[in-house]
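Here are some short exercises with worked solutions. Look over the sequence and the structure before starting.

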4 protein chains.
Amino acid sequence: MESIKIAVIGGGSSYTPELVEGLLAEAETLPVKEIWLVDIPEGDRKLQIMAALTKRMVEKSGKDIRIVATLDRRAAIQDASYVITQIRVGQLAMRRHDEYISIKHGVIGQETTGAGGFMKALRTIPVILSICKDIEELAPDAWLLNFTNPAGIVTEAVLKHSTVKVVGLCNNPINYYKRFAKTYDVTVDDVRINFIGINHLIWITDLYVKGQSHLNDILTGKSSTYEAANIPDFGWDLGFLQSLGAIPCGYHKYYYQTDTILEQQQLELERNETRADQVKKVEQELFELYQNPSLNEKPKALEQRGGAYYSEAAVQLIRDIHLNAQRVHTVNVRNNGAISCLPNDVCVEVNCVVENHQITPLQIKEPPPQIRGLLQVVKAYEELTVEAAVTGNEGIALQALTLHPLIPSAEKAKEILADMLAVNEPYLNWKTMSIQ
Amino acid sequence: MESIKIAVIGGGSSYTPELVEGLLAEAETLPVKEIWLVDIPEGDRKLQIMAALTKRMVEKSGKDIRIVATLDRRAAIQDASYVITQIRVGQLAMRRHDEYISIKHGVIGQETTGAGGFMKALRTIPVILSICKDIEELAPDAWLLNFTNPAGIVTEAVLKHSTVKVVGLCNNPINYYKRFAKTYDVTVDDVRINFIGINHLIWITDLYVKGQSHLNDILTGKSSTYEAANIPDFGWDLGFLQSLGAIPCGYHKYYYQTDTILEQQQLELERNETRADQVKKVEQELFELYQNPSLNEKPKALEQRGGAYYSEAAVQLIRDIHLNAQRVHTVNVRNNGAISCLPNDVCVEVNCVVENHQITPLQIKEPPPQIRGLLQVVKAYEELTVEAAVTGNEGIALQALTLHPLIPSAEKAKEILADMLAVNEPYLNWKTMSIQ
Amino acid sequence: MESIKIAVIGGGSSYTPELVEGLLAEAETLPVKEIWLVDIPEGDRKLQIMAALTKRMVEKSGKDIRIVATLDRRAAIQDASYVITQIRVGQLAMRRHDEYISIKHGVIGQETTGAGGFMKALRTIPVILSICKDIEELAPDAWLLNFTNPAGIVTEAVLKHSTVKVVGLCNNPINYYKRFAKTYDVTVDDVRINFIGINHLIWITDLYVKGQSHLNDILTGKSSTYEAANIPDFGWDLGFLQSLGAIPCGYHKYYYQTDTILEQQQLELERNETRADQVKKVEQELFELYQNPSLNEKPKALEQRGGAYYSEAAVQLIRDIHLNAQRVHTVNVRNNGAISCLPNDVCVEVNCVVENHQITPLQIKEPPPQIRGLLQVVKAYEELTVEAAVTGNEGIALQALTLHPLIPSAEKAKEILADMLAVNEPYLNWKTMSIQ
Amino acid sequence: MESIKIAVIGGGSSYTPELVEGLLAEAETLPVKEIWLVDIPEGDRKLQIMAALTKRMVEKSGKDIRIVATLDRRAAIQDASYVITQIRVGQLAMRRHDEYISIKHGVIGQETTGAGGFMKALRTIPVILSICKDIEELAPDAWLLNFTNPAGIVTEAVLKHSTVKVVGLCNNPINYYKRFAKTYDVTVDDVRINFIGINHLIWITDLYVKGQSHLNDILTGKSSTYEAANIPDFGWDLGFLQSLGAIPCGYHKYYYQTDTILEQQQLELERNETRADQVKKVEQELFELYQNPSLNEKPKALEQRGGAYYSEAAVQLIRDIHLNAQRVHTVNVRNNGAISCLPNDVCVEVNCVVENHQITPLQIKEPPPQIRGLLQVVKAYEELTVEAAVTGNEGIALQALTLHPLIPSAEKAKEILADMLAVNEPYLNWKTMSIQ
């Protein structure tokens with residue numbers, strides 16, 4: 001079995017210890033020899049902290065894995081087996097703008113959904129595609145595991161504009177497995193979930209525990225579903241759930257409970273405590289901890305950061321690709337007809353069979369209109385967002401934002417877009433619109 | 001050529017003189033022998049006024065057409081060649097509720113779009129389907145021309161739940177032809193329009209005058225498009241139009257200029273002058289006029305009522321069905337793949353070839369995402385609305401309203417639905433939801 | 001109204017007088033000013049005969065139309081409004097090979113169907129695409145009317161590999177209209193036919209006369225259908241017709257009555273009297289007639305040649321394009337979803353609305369499996385044939401021929417292909433297969 | 001883990017020892033408690049022989065499994081977990097007719113392909129659907145594993161006309177895995193195959209060994225593919241394979257090498273040695289062996305019978321359903337969009353993820369036309385065959401047979417059908433055609 005080199009783009013991220021912990025835990029089945037952590041100059045301090053910490057972790061484990069920290073992205077990618085992208089273009093400062101501009105305009109301000117996710121996508125896609133150029137040249141057989149949000153849109157950009165073998169990953173699906181296994185006191189392997197959707201907009205259309213459907217337990221409130229720690233939880237209306245006929249994911253709250261969440265976001269904004277502010281604080285505390293030279297494991301505090309089981313999902317995926325295990329993962333891939341009410345060439349988040357050479361979606365039954373309609377309109381918004389990012393066409397950007405269900409009108413879309421483009425100017429290289 | 005009997009359900013409507021005027025004008029080519037005006041007991045007074053007026057109109061024309069006014073719907077339908085439905089279940093009083101409840105909840109209040117159109121559909125579909133039962137029994141070869149709004153949703157209900165040959169008609173398309181003919185100083189026959197969409201949500205993807213495309217004239221503001229008199233007109237942002245790549249219809253303003261229109265509606269509500277209030281006033285004035293025994297033609301004042309060219313569209317359609325003329329009309333029919341991004345069994349408003357025995361849509365090119373996404377989500381809402389109306393399932397009604405792009409959240413949908421169902425209780429026969 | 005220049009590629013064809021006769025008959029509505037007849041040097045003699053005859057025809061008519069005969073294709077195409085292709089690459093000598101090689105191998109030998117049509121397509125497509133290059137450059141707004149057989153395959157090649165506005169035309173549909181009008185003693189305008197299919201493989205799924213379906217008259221033998229003069233007629237089994245549920249066209253006999261027709265073809269081959277032989281004789285007689293300097297009209301004898309109403313179909317199509325008449329014609333166009341069980345980008349022969357700027361297919365209902373299966377396999381064969389012709393890939397040619405329902409096996413396909421390629425070598429520029 | 005009852009319909013089949021051997025081998029993971037062998041009165045002798053032999057096999061194994069032999073089908077099905085159908089309606093005598101009638105008419109005579117498979121389907125489907133009625137009533141949660149040929153058509157009949165959870169199984173796919181594992185000296189788990197197709201008409205579009213594609217090894221003759229022992233093997237033309245771009249299965253020879261195989265079949269018929277004759281002889285020898293009271297294991301001679309690895313495929317499928325193992329099997333299920341060029345409601349043989357509660361196909365990439373065309377036409381034939389069997393409509397039967405690529409014309413189809421219906425009259429309950 002050949003040895004594995006992993007390149008982590010955005011290696012200075014606070015998530016890195018989680019990833020390295022996971023790789024160490026799978027070291028028996030997964031012959032990782034080198035982990036390259038790469039970052040941009042602005043992230044060098046964090047990168048060095050991460051390199052030091054993860055080296056201590058490797059040392060403690062007694063495994064023979066080499067950690068390399070570098071600012072030379074091409075060196076990191078060269079001959080890698082797996083490239084992992086966990087970057088944040090513009091860092092938390094820009095995320096804060098995404099949230100603040102949105103909320104000030106009276107719409108949801110969130111990292112991946114709505115106007116915030118839209119702006120993050122515009123900043124991020126050019127960088128990801130430039131990474132893909134390097135991979136095409138330096139590691140054409142590598143798998144790219146993209147964790148960078150909005151993961152579905154970013155992965156779609158790669159699928160449409162690159163030849164890199166890419167798969168997008170989110171920790172949402174694994175958290176459902178973990179949650180239901182705990183609820184029913186069974187192993188994760190006893191739980192089977194039918195998903196339909198796109199990243200951060202997936203519905204559970206059925207839930208089986210040891211071969212028996214338990215969907216109605218959730219729809220009738222007999223059991224509760226998983227709710228991500230970083231999304232406000234006001235509970236679900238059971239009449240609504242039953243007529244929906246499926247379990248919505250946490251991010252659906254931005255669509256179904258918009259008023260309530262927006263109200264809370266406006267309060268947070270008044271107190272300068274939006275999610276970006278909170279994460280910034282957590283990050284600072286984490287990096288304090290990480291610098292402690294006696295720390296040689298992932299600190300407990302990382303769990304507050306969100307991203308639970310992120311490492312587990314990633315490492316299992318790498319393992320099953322590497323072992324050609326033909327197991328089922330819920331990941332972001334080219335639709336190719338799996339969801340027949342969406343175009344073939346878009347990115348969907350569905351159950352897939354993972355093999356070394358290909359990741360293949362399972363065919364999904366036609367959803368009812370209440371799922372289909374929302375799924376189609378958000379996906380069309382995502383297609384336009386990818387097109388806007390790749391072409392730098394401000395008109396297409398306006399159409400994307402206008403179409404988004406969380407933006408109430410074209411007028412509002414135009415105002416938000418103007419404010420966002422102004423702040424993001426350093427990260428874009430766009431022409432202005434021909435007609436104002 | 002066989003003689004024609006026309007049954008007008010809702011014959012007491014103020015539109016009737018327009019229809020009769022049109023039929024008289026086509027009397028040379030269209031051998032109409034009987035026009036039966038039928039209404040419900042509550043509408044008897046208006047019905048008698050209409051009967052008297054239209055008899056005077058016929059007399060003036062010197063044509064041999066018999067006008068019959070009746071409350072016996074089955075007698076009117078018996079052996080009819082064409083049945084026309086122009087009913088308003090619950091009359092203007094209920095329309096007023098549709099508008100007021102919507103606006104009070106902070107959403108667009110409109111007869112056909114959003115929560116108002118939704119509630120009108122729920123009230124109207126059971127009545128239309130009961131009319132269809134009569135047609136199936138008493139005039140199975142008749143064509144049903146449905147003008148009752150929301151025309152697309154109501155027609156879809158008939159297509160899905162009846163064997164009646166139905167076509168839905170709106171005066172929106174004909175107004176575009178008239179407008180562009182005037183703009184370019186050509187005949188209507190020199191104008192060709194490519195439409196895509198559903199009733200009250202159609203886009204013009206190309207416009208040809210004498211074989212030359214003039215779409216860009218509109219998108220760049222060189223010429224202006226048709227704007228219905230009954231929809232506020234704040235102008236279009238040209239940058240928006242160009243990136244849209246198509247001409248939106250008047251009803252698109254509710255989606256693209258939501259804030260501006262809602263603001264105006266809230267002012268109208270404060271003054272008790274919403275559209276329902278205005279129409280009520282116009283109607284009263286019209287019926288005053290209609291009772292004048294010396295009036296023997298359609299009064300000029302009817303034009304303020306909206307519905308311009310309604311008669312012309314209807315009469316031309318009847319004529320071309322009758323003559324088997326194989327001409328193109330823009331009407332509401334079963335999609336059957338014409339718009340491939342929508343289900344086959346839904347109702348769409350598209351260019352069709354009209355024959356005596358069938359009305360066939362022309363194939364339409366794939367729309368870009370900015371059109372596709374909005375079209376798909378609104379159509380999915382319409383499918384759910386038909387299902388809710390036919391099953392009386394309040395849960396499906398909640399899903400329909402939640403999905404509508406003009407309703408900001410499931411919470412808001414639930415509140416609006418509760419208020420609307422309470423007021424509409426006399427017109428529905430619904431079970432309550434199992435879970436509150 | 002601008003004046004019209006028509007370029008006829010293959011102007012030396014014996015069909016030319018029919019076309020010119022038609023154009024003269026429509027001269028009131030169609031302002032044709034120039035007809036350019038163009039041919040290759042080998043056809044110069046025929047071309048000169050045609051030029052002389054058609055000039056006499058014009059003179060007799062008294063119309064102001066200029067006839068130009070030329071070997072300079074580019075001059076003929078320059079600024080043409082309509083280009084008509086009626087060429088026969090390799091002339092009748094090659095057609096004879098197509099038939100003889102096929103029949104000798106025990107399969108149907110026919111100009112457009114099976115191995116014969118396949119070989120004709122391979123020879124013809126490169127020439128048509130080179131004509132299209134000229135049109136793209138010299139007359140980019142011209143409509144190309146393709147009559148060259150196999151018209152469906154040739155038109156598909158243009159649709160896929162050129163930007164020319166093309167429509168493929170066959171005299172099969174018009175003959176059905178004429179026949180049924182005669183049968184029911186009505187005008188052609190009283191007849192409405194629902195077609196589904198591709199060129200020379202169309203089914204009539206319904207037939208309306210004055211709005212009443214008469215399909216069952218044919219299926220039960222009460223009336224007979226049109227049978228092309230150039231296809232043997234052994235009658236239809238009525239049980240077969242009824243279970244088919246549609247009227248097959250004449251070319252369907254090659255598929256449904258294969259044995260009987262093949263037997264007859266083998267007899268004809270023994271007597272050196274296949275269709276190519278017969279046509280050759282008719283052509284010689286026709287050109288004898290044509291040279292008669294006193295002849296100034298289309299001779300009666302032309303009708304034996306086949307191609308009845310060819311001129312009428314062509315001239316009506318040109319007229320309706322020119323007049324932007326929005327009338328229905330049955331022609332060969334890009335499918336674009338009209339027949340949903342076939343790919344979007346293939347050529348189909350269906351009812352279309354003809355406008356000056358576009359020709360749009362009407363949406364067609366899903367056919368039953370007995371139609372669908374044959375249609376799909378023959379269309380897939382045609383797609384491969386286009387690909388083989390364009391790429392010169394002998395392997396793809398082998399797959400095309402193997403897939404054809406009239407070729408019993410891959411072994412037989414390989415033998416036929418070898419013989420055909422040998423004889424056609426002067427017309428092709430192919431590499432040999434890498435593996436024998 | 002609950003204990004398992006298996007009902008084997010057609011338990012007197014000579015395959016039964018293979019199945020029982022497999023179940024004994026998996027007894028550790030699969031808690032089988034009862035195996036009910038059920039047969040019809042005509043098969044009682046064989047059934048008793050099988051019961052005695054399999055009881056000896058169980059006894060030798062020391063496992064606690066009860067063998068029950070019965071003619072009471074309902075008792076066998078009652079509360080079964082798995083029902084296995086391996087019946088042969090009309091036994092080998094009717095199979096002989098299928099082959100002889102076909103070959104005498106000059107077409108391929110084969111148990112599952114062409115006219116033979118067609119007639120077998122007509123006889124078998126009514127019996128299978130009557131078994132399904134029992135399952136629906138007596139064991140509604142049971143999985144039906146159908147091995148009865150033509151397995152794809154029979155399974156499609158169940159999918160369309162029953163609510164039973166059905167999966168169709170063939171030993172063709174497992175043989176490819178075994179073969180390629182042997183060729184490349186790896187385990188079966190190291191081999192991954194991309195299949196597209198329907199039962200007995202599957203193509204291998206890619207073949208991976210340890211993550212590397214080895215498709216070209218086969219297409220260039222570097223390695224050979226699996227060829228079923230019961231299908232003549234004349235080798236593949238490599239030029240043909242390469243232009244096909246996929247590995248055909250053994251049954252493709254009937255389509256691609258028709259002449260050669262038909263010639264051989266005609267020789268066999270002259271010698272009274274068609275496949276039915278051969279199998280009859282093997283069967284007699286097997287039952288001689290089986291009666292030996294000292295035999296307590298599957299005899300080696302069974303392997304000549306064909307059906308290699310049949311038991312292994314079946315037992316692994318039962319195991320993985322039971323264990324909810326989420327592993328990939330290549331089985332016959334409802335298409336549901338997996339092969340997008342086929343209807344949703346037909347049966348396809350594709351890679352599926354097997355779970356306890358559902359078996360889900362993996363999405364398959366669009367095939368090239370050379371695969372698509374043959375697949376579509378044969379599937380359309382199968383749809384008609386199911387319809388003919390269920391409705392007893394002789395006209396649909398005629399259309400089915402006419403459409404089959406191995407039947408040269410409607411005339412021939414009619415003759416074959418008449419002969420076949422005459423002989424099969426005792427097994428059918430059909431009305432005659434209304435028109436002869």
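Helices (H or I, at least four residues) and strands (E, at least two) are DSSP runs, numbered from the N terminus. This is a predicted model: local features need pLDDT of at least 70, side-chain atom pairs count only at pLDDT 80 or more, and totals for chains, interfaces and linings use all residues. Residues are numbered from 1 along each chain as its sequence is written, and chains are lettered from A and ligands numbered from 1 in the order in which they are written.

**Exercise 1.** Place Lys300(A) and decide whether Lys300(A) is buried or exposed.

Solution. Start with the chain: Lys300(A) sits in the loop between α12 (275-290) and α13 (310-323) of chain A. Next, take the rule: a residue is buried if 20 or more other C-beta atoms, placed from the backbone, lie within 10 Å of its own, exposed if 12 or fewer, and partly exposed in between. Lys300(A) has 8 C-beta neighbours inside 10 Å, so Lys300(A) is exposed.

**Exercise 2.** Find where α5(C) has a kink.

Solution. The bend at a residue is the angle between axes fitted to the seven residues ending there and the seven starting there. The kink is at Thr124(C), shortly before the proline Pro126(C), and is about 35 degrees.

**Exercise 3.** State how many residues of chain D and chain A form their contact.

Solution. Contact means C-beta atoms, placed from the backbone, within 7 Å. Chain D gives 20 residues and chain A gives 21 residues.

Notes. Two residues are in contact if their C-beta atoms, placed from the backbone, lie within 7 Å.
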